[in-house]
Amino acid sequence: MKAEQQYIDLFTQYEALLCRNSAEAMNAPRAKAFADFERLGFPTRKEEDYKYTEVGKYFAPDFGLNLNRLEFPVNPYEVFKCDVPNMSTSLYFVVNDTFDKHVHPSAQLPEGVLFGSLKEMARLYPDLIKSYYGKLADTSQDGLTAFNTMFAQDGVLMYVPSGVVMERPVQLVNILRADVDFMVNRRLLVIVEKDAQAKLLVCDHAMDNVNFLSTQVTEVFVGENAVFDLYELEETHNSTVRFNQLFVDQQAGSNVLLNGITLHNGTTRNTTRVTLSGERAEVNLCGMAIADKNEQVDNNTFIDHKVPGCTSNELFKYVLDDQATGAFAGKVLVRPGAQHTSSQQTNRNLCATREARMYTQPQLEIYADDVKCSHGATVGQLDENALFYMQQRGIPLKEARLLLMFAFVGEVIDCIRMEALKDRLHRLVEKRFRGELNKCQGCAICK
Amino acid sequence: MQLEPNKYVKELTREKYKYGFTTDIHTDIIDRGLDENVVRLISAKKNEPEWLLNFRLKAYRHWLTMDMPTWAHLTIPDIDYQAISYYADPTRKKEGPKSLDDVDPELLKTFNKLGIPLEEQLALSGMAVDAVMDSVSVKTTFKETLMEKGIIFCSISEAVREHPDLVKKYLGSVVGYRDNFFAALNSAVFSDGSFVYIPKGVRCPMELSTYFRINAAGTGQFERTLIVADDDSYVSYLEGCTAPMRDENQLHAAIVEIVVLDRAEVKYSTVQNWYPGDAEGKGGVYNFVTKRGICKGEGSKLSWTQVETGSAITWKYPSCILSGDNSTAEFYSVAVTNNYQQADTGTKMIHLGRNTRSTIVSKGISAGRSQNSYRGLVRVAERADGARNYSQCDSLLLGSECGAHTFPYMDIHNETAVVEHEATTSKISEDQLFYCNQRGISTEDAVGLIVNGYAKEVLNKLPMEFAVEAQKLLSVSLEGSVG
């Protein structure tokens with residue numbers, strides 16, 4: 001319990017301060033989360049879900065925490081010159097875990113839609129937040145969820161009331177900014193009510209060359225027949241550690257697309273838990289990682305088919321170079337009685353060097369008979385014949401390899417339901433493969 | 001879908017478990033319970049040399065420090081290891097039987113009921129058999145014929161006496177006593193089993209076969225099989241198991257070790273039909289088995305084929321370590337669970353050598369309220385250049401209260417590896433049934449046809465005699481589950 005102790009001490013000492021700088025709805029589950037964390041500690045590699053990522057060691061160093069909510073003197077609009085043609089989004093910034101007050105003039109939200117600081121919203125609409133906050137992220141199961149719930153003071157709320165269709169996607173840029181090694185505990189709460197439609201694009205960036213550790217818990221509630229797309233793009237640097245946990249609950253007839261793309265990172269662990277609790281709900285879960293050097297990407301997904309007639313599709317692709325490590329664990333649970341379930345899972349991986357490691361672990365647990373479930377996983381290299389064919393036609397080997405790798409991950413990008421973003425990402429991925437994106441420069445979406 | 005089981009199905013359902021008889025035969029059973037004295041007693045009863053006793057004691061002491069594994073997708077009731085008798089000898093004779101006349105006639109009747117060709121008159125079936133009842137090897141046939149070729153096929157106790165060097169060299173070399181809980185237990189108390197040695201360049205002219213049977217009540221069976229195939233040799237080995245119907249659960253914890261040297265090939269087939277318990281899930285055998293082979297030599301080949309229909313609980317992962325360059329391993333499995341049976345079975349393919357290839361084909365069929373899991377690992381080590389694996393695991397669900405699960409693991413540490421895994425889960429499609437019905441095939445027959453077709457890829461890998469038995473077993477195991 002070495003790594004845990006300093007946080008237990010910190011919490012006991014500064015609980016009052018933590019609470020004072022947050023909101024009541026966010027303070028409510030803190031005590032329970034603390035008790036759970038004391039009991040659970042950080043997950044260890046002995047736990048099946050954390051087999052491939054040692055959590056405790058990342059928390060062991062001394063990180064700064066902004067418990068006092070001091071404002072960082074930064075104007076993101078100066079740092080990020082966002083001038084993207086064809087990408088008309090409503091743009092917002094979060095610096096570390098603080099929602100930035102400077103609102104871009106282009107940001108337009110339909111009536112009734114709320115988007116802003118979770119802390120502020122919790123003060124304005126306490127009942128709304130109370131009825132959703134912490135309801136999906138169960139602190140008694142996972143030490144990391146408990147940890148985030150203990151320390152999270154702010155974050156972002158997105159609320160789309162029933163029947164509202166948001167034409168324009170919302171873009172949220174998370175900027176990590178600090179002068180010392182720094183820890184950020186952020187919370188995202190998304191509520192898309194009945195028949196509403198929304199798209200959210202979240203980009204993670206690290207501005208400074210210090211060690212960052214960020215934990216983020218996202219809770220997404222999708223109402224009946226609602227449509228919601230969440231794109232997460234990580235483009236940080238090698239000394240960033242990110243623990244993301246995403247919890248999604250879907251009601252009948254809802255349709256959700258989750259797409260997580262890791263382009264540059266240090267160590268990333270994404271946990272995704274989707275519960276299909278209404279009939280005919282559909283979830284499309286995609287992910288892609290391009291990792292080199294010592295980068296590490298671990299995606300752990302769990303889809304719970306609770307009721308009959310739901311559909312889930314999963315597609316994850318990894319390209320690993322140098323000494324990079326990739327891990328994918330995908331579990332699909334079909335509960336008793338969840339007939340007519342259709343579930344598909346695919347995980348394909350390219351290992352480019354001898355030192356690259358890939359661990360893949362697709363799992364199916366099925367308790368109903370009238371279902372169609374399949375999963376497939378492969379690890380391999382580029383097709384020799386295809387490379388030869390291209391060389392024959394005068395394409396240099398290096399270029400041929402790039403083309404094939406590009407096509408390989410292209411499938412994940414093609415899942416995106418935003419044309420402009422798709423084009424951007426194709427270009428961005430190509431740049432990444434050509435080594436032109438060696439460190440975080442702010443992704444092409446923002447630049 | 002409403003179905004009426006036809007007459008044939010009804011008959012078979014009534015037949016239930018046909019090997020459920022017990023044999024009234026005098027058996028030398030030691031008292032229940034396990035401590036160091038029991039380990040020493042077993043060793044003494046078998047006149048074992050000191051090195052083997054030490055091996056057992058080391059295993060026993062290590063076992064004491066271990067806990068039952070809980071990671072499998074199984075609900076295992078608490079097992080009282082002190083309530084089991086660790087040694088039962090139905091021959092009660094000091095000397096092993098020399099000819100059929102020496103063997104207890106009751107015992108022969110037992111094996112006749114099982115349809116095991118012990119008698120010379122069944123020589124036509126052309127199979128050399130080593131029969132193990134409870135804990136002791138009863139009779140090995142065709143020993144002389146095999147001896148001419150230099151093949152050693154005998155009980156492991158005999159091998160300890162007569163070929164101590166070979167046994168000493170290979171025993172515990174593939175499955176060490178520290179390997180897992182049940183392997184440690186087996187290493188401490190194993191009573192008998194088969195030993196096979198195929199010398200250099202010899203192709204074993206017949207199928208070697210072992211039948212295992214638990215007869216005495218309150219005993220566990222802990223047998224140990226060791227197969228060594230020397231350079232350029234070939235052997236096909238069959239294993240079959242049955243047990244009487246008893247309300248209490250019986251424990252079976254076996255170890256199979258296989259060593260395959262340069263360019264040798266070993267084919268190991270199992271039809272596992274331990275008593276699965278009754279329709280309410282009462283009784284049945286707990287089958288906790290560690291099976292592992294090592295493809296030690298260059299270009300060696302090991303093939304596991306298993307048909308798992310019996311046992312209340314199955315915990316079994318026949319594995320291959322591919323350490324020789326260009327070696328090949330195969331795993332073909334059909335696992336059927338019905339009523340309250342539970343199975344967690346699969347394989348491990350550990351690629352260490354260069355250009356090693358492995359194939360996994362696993363077919364699970366679950367019916368009733370059973371739970372059937374596939375658990376597999378494909379590991380490609382740093383130096384295993386050019387490793388290739390293809391895995392396929394399909395599950396078929398018959399009935400809405402059963403479960404089918406797959407837990408494949410892939411750990412790839414080499415960039416030249418090509419590893420593929422595919423899994424599907426489905427029930428028998430209405431279209432297929434409708435098509436058969438249209439052509440005048442009744443629904444039950446159609447289900448039988450489809451299930452057999454589904455498992456065919458694996459059944460085809462079995463030797464002829466076994467394939468027929470396995471096909472019958474498949475249909476019997478699934479009786480009453482359709483509709």
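How many residues does each chain, A and B, put into the contact? Before I get to that, keep in mind that this is a predicted model. Okay, so the contact takes 31 residues from chain A and 32 residues from chain B.

Let's stay on the chain A side for a second. The elements giving two or more residues to the side that touches chain B are strand S18, residues 357–366, and strand S19, residues 372–380. S18(A) gives the most, with 10 residues. If you sort that side of chain A by residue type, you get 15 nonpolar, 10 polar and six charged.

Now, S19(A) has a partner across the way. S19(A) pairs with strand S24 of chain B, residues 418–426, and the pairing is antiparallel, over seven bridges. If you want a spot to click on, take Gly376(A), which stands opposite Glu422(B) in S24(B).

Next, chain A as a whole. We have 11 helices and 19 strands in chain A. The radius of gyration is 21 Å, and the globule rule gives 22 Å for 447 residues, so chain A is as compact as a globular protein of that length. Along the principal axes, the C-alpha atoms of chain A fill a box of roughly 70 × 55 × 50 Å. Buried residues make up 54% of the 447 residues. And for the contact-map people: take contacts in chain A between residues at least 6 apart in sequence, and 83% of those join residues at least 24 apart.

So where do the buried residues show up? Have a look at strand S6 of chain A, residues 182–192. Here 11 of the 11 residues are buried, so S6(A) is largely enclosed by the rest of the structure. Both faces are covered. One side has Phe182(A), Val184(A), Arg186(A), Leu188(A), Val190(A) and Val192(A), the other has Met183(A), Asn185(A), Arg187(A), Leu189(A) and Ile191(A), and they are all buried. Yes, that list includes Arg186(A) and Arg187(A).

Which strands pair with S6(A)? One is strand S4 of chain A, residues 154–160, running parallel to S6(A) and joined to it by seven bridges. There, Val156(A) has Leu188(A) as its bridge partner. Another is strand S8 of chain A, residues 212–222, also in the parallel sense, over 11 bridges. In that pairing Val184(A) stands opposite Ser214(A).

Last bit: helix packing. Two packed helices are described by the angle between their axes and the distance between the axes. In chain A, helix H3 (residues 30–40) packs on helix H8 (residues 143–151) at about 140°, with the axes 8 Å apart. The crossing is left-handed. On the H3(A) side the contact includes Phe34(A) and Phe37(A), and on the H8(A) side Phe147(A) and Met150(A) are among the residues. By type, that contact divides into seven nonpolar, two polar and two charged.

Over in chain B, helix H3 (residues 50–64) packs on helix H8 (residues 181–189) at an angle of about 145°, axes 7 Å apart. H3(B) passes H8(B) in a left-handed crossing. H3(B) brings in residues including Phe55(B), Tyr60(B) and Trp63(B), while H8(B) contributes Ala184(B), Leu185(B), Ser187(B) and Ala188(B). The split for this contact is seven nonpolar, two polar and one charged.

That's my tour, thanks.

Conventions. Residues numbered from 1 in each chain as written. Chains lettered and ligands numbered in written order. Predicted model: local features only at pLDDT ≥ 70, side-chain atom pairs only at ≥ 80, totals over all residues. Helix = DSSP H or I, 4+ residues; strand = E, 2+ residues; numbered from the N terminus. Rg over C-alpha atoms; globule rule 2.2 N^0.38 Å. Buried ≥ 20, exposed ≤ 12 C-beta atoms within 10 Å, placed from the backbone. Contact = placed C-beta atoms within 7 Å. Nonpolar A, V, L, I, M, F, W, Y, C, P; charged D, E, K, R; others polar. Pairing = 2+ DSSP bridges. Axes fitted to C-alpha atoms, helices over the stretch in contact; angles between N-to-C directions. Left-handed = near helix turned anticlockwise from the far one by under 90°.
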